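This report covers a metal site, a strand and a loop residue.

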Amino acid sequence: MKIIEHIEALREPFPNAVITIGNFDGVHIGHQGLFHEVVQRAEALAGTAIAMTFEPHPLRVLQARRKPPLITLYEQKKELIGRTGVDVLICIPFDHAFAAISAREFVADLLVRRIGMRAIVVGQDYAFGRHREGNIHMLRALGRELGFEVHVTDWIQAASLDGERISSTRIRELVMAGQVVEAGRMLGRRYQVRGQVVAGRNRGGKLLGFPTANIALQDELCPKTGIYAVTVEHAGRRLLGVANIGYSPTFEDHVFTVEVHLLDFHESIYGETIRVNFIQRIRDEARFESLEDLSRQIQRDVETARRILAAD
Ligand code: RBF
Ligand code: MG
(Lines give C-alpha, C1' and ligand atoms only; values in the text may rest on other atoms or scores of the structure.)
(Ligands and ions follow the chains in the order given, each with its own letter.)
Protein backbone atom coordinates (compact mmCIF):
# COMPACT_ATOMS: atom_id res chain seq x y z
CA MET A 1 0.00 0.00 0.00
CA LYS A 2 1.25 3.40 -0.95
CA ILE A 3 0.95 6.05 1.77
CA ILE A 4 0.54 9.74 1.00
CA GLU A 5 0.73 12.11 3.94
CA HIS A 6 0.87 15.52 2.25
CA ILE A 7 -1.54 16.95 -0.29
CA GLU A 8 1.46 18.27 -2.29
CA ALA A 9 2.53 14.66 -2.82
CA LEU A 10 -0.60 14.15 -4.97
CA ARG A 11 1.19 14.88 -8.23
CA GLU A 12 -1.25 13.32 -10.69
CA PRO A 13 -4.66 11.63 -10.51
CA PHE A 14 -4.86 7.87 -9.96
CA PRO A 15 -6.40 5.70 -12.66
CA ASN A 16 -10.12 5.08 -11.94
CA ALA A 17 -9.88 5.97 -8.29
CA VAL A 18 -12.49 4.40 -5.99
CA ILE A 19 -12.43 6.15 -2.63
CA THR A 20 -13.78 5.82 0.87
CA ILE A 21 -13.27 8.53 3.46
CA GLY A 22 -13.42 8.44 7.24
CA ASN A 23 -11.63 8.45 10.55
CA PHE A 24 -11.83 4.65 10.80
CA ASP A 25 -10.88 4.62 14.47
CA GLY A 26 -10.40 0.98 15.39
CA VAL A 27 -10.54 -0.27 11.77
CA HIS A 28 -13.35 -2.51 13.04
CA ILE A 29 -15.27 -5.10 11.03
CA GLY A 30 -17.68 -2.45 9.72
CA HIS A 31 -14.76 -0.43 8.36
CA GLN A 32 -13.21 -3.61 6.98
CA GLY A 33 -16.42 -4.30 5.03
CA LEU A 34 -16.25 -0.81 3.58
CA PHE A 35 -12.64 -1.29 2.45
CA HIS A 36 -13.55 -4.66 0.98
CA GLU A 37 -16.23 -3.02 -1.15
CA VAL A 38 -13.80 -0.31 -2.30
CA VAL A 39 -11.24 -2.95 -3.30
CA GLN A 40 -13.85 -4.93 -5.25
CA ARG A 41 -15.21 -1.89 -7.06
CA ALA A 42 -11.68 -0.76 -7.93
CA GLU A 43 -10.90 -4.23 -9.30
CA ALA A 44 -14.04 -4.11 -11.46
CA LEU A 45 -12.83 -0.81 -12.96
CA ALA A 46 -9.19 -1.95 -13.18
CA GLY A 47 -8.68 1.09 -10.98
CA THR A 48 -7.14 2.20 -7.70
CA ALA A 49 -8.63 1.46 -4.27
CA ILE A 50 -8.09 4.47 -2.02
CA ALA A 51 -8.79 5.12 1.66
CA MET A 52 -8.67 8.71 2.86
CA THR A 53 -8.31 9.57 6.51
CA PHE A 54 -7.26 12.50 8.66
CA GLU A 55 -4.53 13.07 11.21
CA PRO A 56 -4.92 14.30 13.86
CA HIS A 57 -8.51 13.18 14.37
CA PRO A 58 -10.71 16.15 13.29
CA LEU A 59 -12.47 16.26 16.68
CA ARG A 60 -9.09 16.87 18.32
CA VAL A 61 -8.67 19.97 16.21
CA LEU A 62 -12.23 21.27 16.22
CA GLN A 63 -13.40 20.30 19.69
CA ALA A 64 -10.24 19.76 21.73
CA ARG A 65 -12.33 19.25 24.87
CA ARG A 66 -14.28 16.32 23.48
CA LYS A 67 -11.50 13.83 23.30
CA PRO A 68 -12.50 10.18 23.17
CA PRO A 69 -9.41 7.96 23.58
CA LEU A 70 -8.43 6.56 20.20
CA ILE A 71 -8.73 2.81 19.69
CA THR A 72 -5.98 2.79 17.08
CA LEU A 73 -3.17 5.31 16.88
CA TYR A 74 -2.08 6.30 13.39
CA GLU A 75 0.80 3.79 13.20
CA GLN A 76 -1.51 0.84 13.88
CA LYS A 77 -4.26 2.25 11.67
CA LYS A 78 -1.83 2.33 8.73
CA GLU A 79 -0.87 -1.29 9.31
CA LEU A 80 -4.46 -2.45 9.58
CA ILE A 81 -5.66 -0.57 6.49
CA GLY A 82 -2.61 -1.93 4.66
CA ARG A 83 -3.89 -5.46 5.29
CA THR A 84 -7.30 -4.80 3.70
CA GLY A 85 -6.02 -4.75 0.11
CA VAL A 86 -6.47 -1.00 -0.38
CA ASP A 87 -3.85 0.33 -2.85
CA VAL A 88 -3.36 3.84 -1.50
CA LEU A 89 -3.87 5.48 1.89
CA ILE A 90 -4.14 9.24 1.74
CA CYS A 91 -3.78 10.81 5.15
CA ILE A 92 -4.72 14.48 5.18
CA PRO A 93 -2.99 16.60 7.83
CA PHE A 94 -6.10 18.04 9.45
CA ASP A 95 -6.02 21.65 10.61
CA HIS A 96 -8.34 24.66 10.77
CA ALA A 97 -7.47 25.69 7.20
CA PHE A 98 -8.48 22.27 5.90
CA ALA A 99 -11.66 22.33 7.98
CA ALA A 100 -12.63 25.63 6.34
CA ILE A 101 -12.72 24.18 2.80
CA SER A 102 -16.24 24.08 1.41
CA ALA A 103 -17.86 20.74 0.64
CA ARG A 104 -17.93 21.58 -3.06
CA GLU A 105 -14.26 22.52 -3.25
CA PHE A 106 -13.28 19.41 -1.29
CA VAL A 107 -15.05 17.19 -3.81
CA ALA A 108 -14.34 19.10 -7.03
CA ASP A 109 -10.76 20.13 -6.39
CA LEU A 110 -9.27 17.51 -4.10
CA LEU A 111 -11.24 14.33 -4.82
CA VAL A 112 -12.02 14.72 -8.52
CA ARG A 113 -9.31 16.94 -10.00
CA ARG A 114 -6.29 15.92 -7.94
CA ILE A 115 -7.10 12.34 -6.97
CA GLY A 116 -9.11 11.35 -10.02
CA MET A 117 -12.13 9.98 -8.17
CA ARG A 118 -14.52 7.92 -10.33
CA ALA A 119 -16.51 6.38 -7.50
CA ILE A 120 -16.98 6.98 -3.79
CA VAL A 121 -18.22 4.47 -1.23
CA VAL A 122 -19.68 5.96 1.94
CA GLY A 123 -21.95 5.09 4.83
CA GLN A 124 -25.48 6.48 5.14
CA ASP A 125 -24.66 9.26 7.56
CA TYR A 126 -21.64 10.58 5.67
CA ALA A 127 -21.10 14.35 5.96
CA PHE A 128 -18.14 16.37 4.77
CA GLY A 129 -16.65 19.79 4.21
CA ARG A 130 -16.90 23.00 6.21
CA HIS A 131 -19.39 22.60 9.10
CA ARG A 132 -20.18 19.14 7.66
CA GLU A 133 -22.34 20.98 5.08
CA GLY A 134 -21.95 18.25 2.48
CA ASN A 135 -24.28 15.24 2.66
CA ILE A 136 -25.25 12.26 0.51
CA HIS A 137 -27.80 14.32 -1.42
CA MET A 138 -25.20 16.92 -2.35
CA LEU A 139 -22.66 14.22 -3.13
CA ARG A 140 -25.06 12.61 -5.61
CA ALA A 141 -25.67 15.97 -7.30
CA LEU A 142 -21.92 16.58 -7.55
CA GLY A 143 -21.52 13.06 -8.91
CA ARG A 144 -23.91 13.78 -11.78
CA GLU A 145 -22.23 17.11 -12.50
CA LEU A 146 -18.61 15.97 -12.23
CA GLY A 147 -18.98 12.38 -13.39
CA PHE A 148 -18.43 9.99 -10.49
CA GLU A 149 -20.51 7.22 -8.96
CA VAL A 150 -21.84 7.41 -5.42
CA HIS A 151 -22.32 4.13 -3.56
CA VAL A 152 -24.04 4.40 -0.23
CA THR A 153 -23.53 1.23 1.75
CA ASP A 154 -24.74 -0.04 5.04
CA TRP A 155 -21.63 -2.01 5.90
CA ILE A 156 -21.41 -0.53 9.35
CA GLN A 157 -25.05 -1.31 10.05
CA ALA A 158 -24.90 -4.70 8.36
CA ALA A 159 -21.88 -5.80 10.34
CA SER A 160 -23.81 -6.03 13.58
CA LEU A 161 -22.92 -8.54 16.23
CA ASP A 162 -25.75 -10.45 17.91
CA GLY A 163 -27.99 -7.59 16.82
CA GLU A 164 -25.76 -4.96 18.37
CA ARG A 165 -24.54 -2.16 16.15
CA ILE A 166 -20.79 -2.01 15.75
CA SER A 167 -19.25 1.37 16.42
CA SER A 168 -16.00 2.84 17.61
CA THR A 169 -17.90 4.31 20.57
CA ARG A 170 -19.21 0.89 21.61
CA ILE A 171 -15.76 -0.69 21.27
CA ARG A 172 -14.27 2.01 23.52
CA GLU A 173 -16.94 1.30 26.14
CA LEU A 174 -16.30 -2.44 26.00
CA VAL A 175 -12.53 -2.04 26.39
CA MET A 176 -12.99 0.37 29.28
CA ALA A 177 -15.35 -2.15 30.92
CA GLY A 178 -12.76 -4.93 30.54
CA GLN A 179 -14.97 -6.81 28.06
CA VAL A 180 -12.07 -7.54 25.75
CA VAL A 181 -13.62 -10.67 24.21
CA GLU A 182 -16.64 -8.67 22.99
CA ALA A 183 -14.45 -5.77 21.85
CA GLY A 184 -12.29 -8.23 19.94
CA ARG A 185 -15.30 -9.63 18.10
CA MET A 186 -16.23 -6.15 16.90
CA LEU A 187 -12.64 -5.37 15.92
CA GLY A 188 -12.15 -8.64 14.06
CA ARG A 189 -8.95 -9.10 16.08
CA ARG A 190 -7.81 -8.71 19.70
CA TYR A 191 -7.65 -5.29 21.27
CA GLN A 192 -3.96 -4.30 21.27
CA VAL A 193 -1.84 -1.72 23.06
CA ARG A 194 1.77 -0.86 22.32
CA GLY A 195 4.47 0.60 24.47
CA GLN A 196 8.03 0.60 25.62
CA VAL A 197 9.28 -1.66 28.40
CA VAL A 198 10.48 0.63 31.16
CA ALA A 199 12.11 0.11 34.55
CA GLY A 200 9.59 -0.75 37.26
CA ARG A 201 10.08 -0.93 41.02
CA ASN A 202 12.04 -4.15 40.63
CA ARG A 203 9.71 -5.75 43.13
CA GLY A 204 7.80 -8.44 41.24
CA GLY A 205 10.75 -10.76 40.69
CA LYS A 206 12.42 -10.26 44.05
CA LEU A 207 9.42 -10.13 46.37
CA LEU A 208 6.88 -12.27 44.57
CA GLY A 209 8.81 -14.51 42.21
CA PHE A 210 6.96 -13.08 39.19
CA PRO A 211 9.02 -10.45 37.36
CA THR A 212 7.02 -8.15 35.11
CA ALA A 213 7.77 -5.98 32.12
CA ASN A 214 6.29 -2.55 32.91
CA ILE A 215 4.96 -0.79 29.87
CA ALA A 216 4.90 2.94 29.09
CA LEU A 217 1.74 2.93 26.97
CA GLN A 218 1.64 4.75 23.67
CA ASP A 219 -2.05 4.02 23.32
CA GLU A 220 -4.78 6.18 24.77
CA LEU A 221 -7.36 3.50 25.43
CA CYS A 222 -6.43 1.18 28.28
CA PRO A 223 -8.59 -1.75 29.41
CA LYS A 224 -10.22 -1.62 32.84
CA THR A 225 -7.93 -2.40 35.78
CA GLY A 226 -7.55 -6.11 36.44
CA ILE A 227 -5.72 -9.25 35.44
CA TYR A 228 -5.78 -10.48 31.81
CA ALA A 229 -4.49 -13.38 29.75
CA VAL A 230 -2.49 -11.78 26.92
CA THR A 231 -0.24 -12.52 24.01
CA VAL A 232 2.75 -10.29 23.43
CA GLU A 233 4.45 -9.53 20.14
CA HIS A 234 8.13 -8.75 20.44
CA ALA A 235 10.63 -8.63 17.59
CA GLY A 236 8.48 -10.89 15.42
CA ARG A 237 7.87 -13.42 18.19
CA ARG A 238 4.57 -14.26 19.84
CA LEU A 239 4.90 -14.74 23.60
CA LEU A 240 2.31 -15.69 26.20
CA GLY A 241 1.68 -13.65 29.29
CA VAL A 242 -0.52 -12.51 32.10
CA ALA A 243 -1.01 -8.78 32.50
CA ASN A 244 -1.83 -6.69 35.52
CA ILE A 245 -3.36 -3.26 35.00
CA GLY A 246 -3.86 -1.09 38.04
CA TYR A 247 -2.56 0.13 41.35
CA SER A 248 -1.31 -3.04 43.10
CA PRO A 249 -3.42 -2.35 46.22
CA THR A 250 -1.35 -4.77 48.31
CA PHE A 251 1.35 -2.12 48.31
CA GLU A 252 1.21 1.41 49.64
CA ASP A 253 2.47 3.46 46.69
CA HIS A 254 -0.67 3.20 44.48
CA VAL A 255 1.05 3.94 41.20
CA PHE A 256 -0.91 3.07 38.07
CA THR A 257 0.98 0.46 36.07
CA VAL A 258 0.49 -1.73 33.05
CA GLU A 259 2.74 -4.76 33.45
CA VAL A 260 3.08 -8.20 31.94
CA HIS A 261 4.58 -11.33 33.40
CA LEU A 262 5.81 -13.30 30.38
CA LEU A 263 5.49 -17.08 30.59
CA ASP A 264 8.64 -19.16 30.05
CA PHE A 265 10.64 -16.07 29.20
CA HIS A 266 13.86 -14.95 30.86
CA GLU A 267 15.38 -12.31 28.60
CA SER A 268 15.82 -8.62 29.34
CA ILE A 269 13.72 -6.46 27.04
CA TYR A 270 14.13 -3.07 28.69
CA GLY A 271 13.73 -0.21 26.27
CA GLU A 272 12.08 -2.32 23.60
CA THR A 273 8.62 -1.78 22.21
CA ILE A 274 6.13 -4.59 22.61
CA ARG A 275 2.53 -5.12 21.56
CA VAL A 276 0.06 -6.63 24.00
CA ASN A 277 -3.08 -8.39 22.75
CA PHE A 278 -5.87 -8.81 25.29
CA ILE A 279 -7.37 -12.29 25.13
CA GLN A 280 -9.55 -12.55 28.25
CA ARG A 281 -10.03 -10.83 31.58
CA ILE A 282 -9.34 -13.09 34.55
CA ARG A 283 -10.26 -11.08 37.67
CA ASP A 284 -10.19 -7.75 39.51
CA GLU A 285 -7.11 -6.60 41.34
CA ALA A 286 -7.27 -7.35 45.07
CA ARG A 287 -5.49 -6.38 48.24
CA PHE A 288 -3.73 -9.28 49.92
CA GLU A 289 -2.79 -9.70 53.57
CA SER A 290 0.63 -11.06 52.79
CA LEU A 291 3.10 -11.30 49.94
CA GLU A 292 2.74 -15.09 50.09
CA ASP A 293 -1.02 -14.81 49.48
CA LEU A 294 -0.47 -12.46 46.53
CA SER A 295 2.24 -14.71 45.15
CA ARG A 296 -0.01 -17.78 45.38
CA GLN A 297 -2.80 -15.92 43.61
CA ILE A 298 -0.44 -14.86 40.80
CA GLN A 299 0.59 -18.52 40.44
CA ARG A 300 -3.10 -19.40 40.00
CA ASP A 301 -3.47 -16.55 37.46
CA VAL A 302 -0.55 -17.97 35.49
CA GLU A 303 -2.26 -21.37 35.38
CA THR A 304 -5.58 -19.79 34.37
CA ALA A 305 -3.84 -17.81 31.63
CA ARG A 306 -2.08 -20.92 30.33
CA ARG A 307 -5.42 -22.69 30.04
CA ILE A 308 -7.08 -19.75 28.27
CA LEU A 309 -4.17 -19.26 25.89
CA ALA A 310 -3.89 -22.98 25.10
CA ALA A 311 -7.55 -22.96 24.02
CA ASP A 312 -7.15 -19.77 22.01
N1 RBF B 1 -0.89 -6.65 42.96
C2 RBF B 1 -1.87 -6.50 43.89
O3 RBF B 1 -1.71 -5.73 44.83
N4 RBF B 1 -3.03 -7.20 43.79
C5 RBF B 1 -3.27 -8.09 42.83
O6 RBF B 1 -4.36 -8.67 42.78
C7 RBF B 1 -2.25 -8.31 41.87
N8 RBF B 1 -2.41 -9.22 40.88
C9 RBF B 1 -1.40 -9.45 39.99
C10 RBF B 1 -1.55 -10.42 39.03
C11 RBF B 1 -0.55 -10.66 38.11
C12 RBF B 1 -0.71 -11.75 37.10
C13 RBF B 1 0.64 -9.90 38.15
C14 RBF B 1 1.72 -10.13 37.14
C15 RBF B 1 0.79 -8.93 39.11
C16 RBF B 1 -0.22 -8.69 40.05
N17 RBF B 1 -0.09 -7.72 41.01
C18 RBF B 1 -1.07 -7.54 41.95
C19 RBF B 1 0.99 -6.75 40.95
C20 RBF B 1 2.20 -7.04 41.74
O21 RBF B 1 1.97 -6.47 42.99
C22 RBF B 1 3.34 -6.34 41.01
O23 RBF B 1 3.66 -7.06 39.85
C24 RBF B 1 4.57 -6.20 41.85
O25 RBF B 1 4.29 -5.48 43.00
C26 RBF B 1 5.68 -5.49 41.08
O27 RBF B 1 5.37 -4.16 40.83
MG1 MG C 1 7.64 -4.96 36.88
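Two strands count as paired if DSSP finds at least two bridges between them. The model is predicted.

Strand β7 spans residues 191-198. Because six of its eight residues are buried, β7 is largely enclosed by the rest of the structure. β7 has the following strand partners.

| Partner of β7 | Sense | Bridges | Bridge pair |
|---|---|---|---|
| β12 (residues 273-283) | antiparallel | six bridges | Gly-195 with Ile-274 |
| β8 (residues 213-217) | antiparallel | four bridges | Val-198 with Asn-214 |

Asn-214 links this pairing to the metal site. In β8, Asn-214 is the bridge partner of Val-198. Asn-214 also gives OD1 as a donor to the magnesium ion (ligand 2). The other protein donors are O and OG1 of Thr-212. These donors lie 2.1 to 2.7 Å from the ion.

Are the donor residues buried or exposed? Asn-214 is buried, because its relative accessibility of 7% is under the 20% cut-off. Thr-212 is partly exposed, at a relative accessible area of 27%.

Next comes the loop residue. Ile-71 sits in the loop between α2 (58-62) and α3 (74-82). Its relative accessible area is 1%, so Ile-71 is buried. What is Ile-71 in contact with, leaving aside its neighbours within four places in sequence? The contacts include Asp-25, Gly-26, Ser-168, Arg-172 and Leu-187. Tyr-191, Asp-219 and Leu-221 are also among them. Ile-71 and Cys-222 are 151 residues apart in sequence. In space, their C-alpha atoms are 9.0 Å apart.

Note on methods
Residues are numbered from 1 along each chain as its sequence is written. Chains are lettered from A and ligands numbered from 1 in the order in which they are written. This is a predicted model: local features need pLDDT of at least 70, side-chain atom pairs count only at pLDDT 80 or more; totals for chains, interfaces and linings use all residues. Side-chain values use heavy atoms; hydrogens and water are left out. Donors are N, O and S atoms within 2.8 Å of the metal (3.2 Å for Na, K and Ca); water is not among the atoms, so sites may look incomplete. Buried means under 20% relative accessible area, exposed over 50%, partly exposed in between (1.4 Å probe, protein chains only). Helices (H or I, at least four residues) and strands (E, at least two) are DSSP runs, numbered from the N terminus. Contact means heavy atoms within 4.5 Å.
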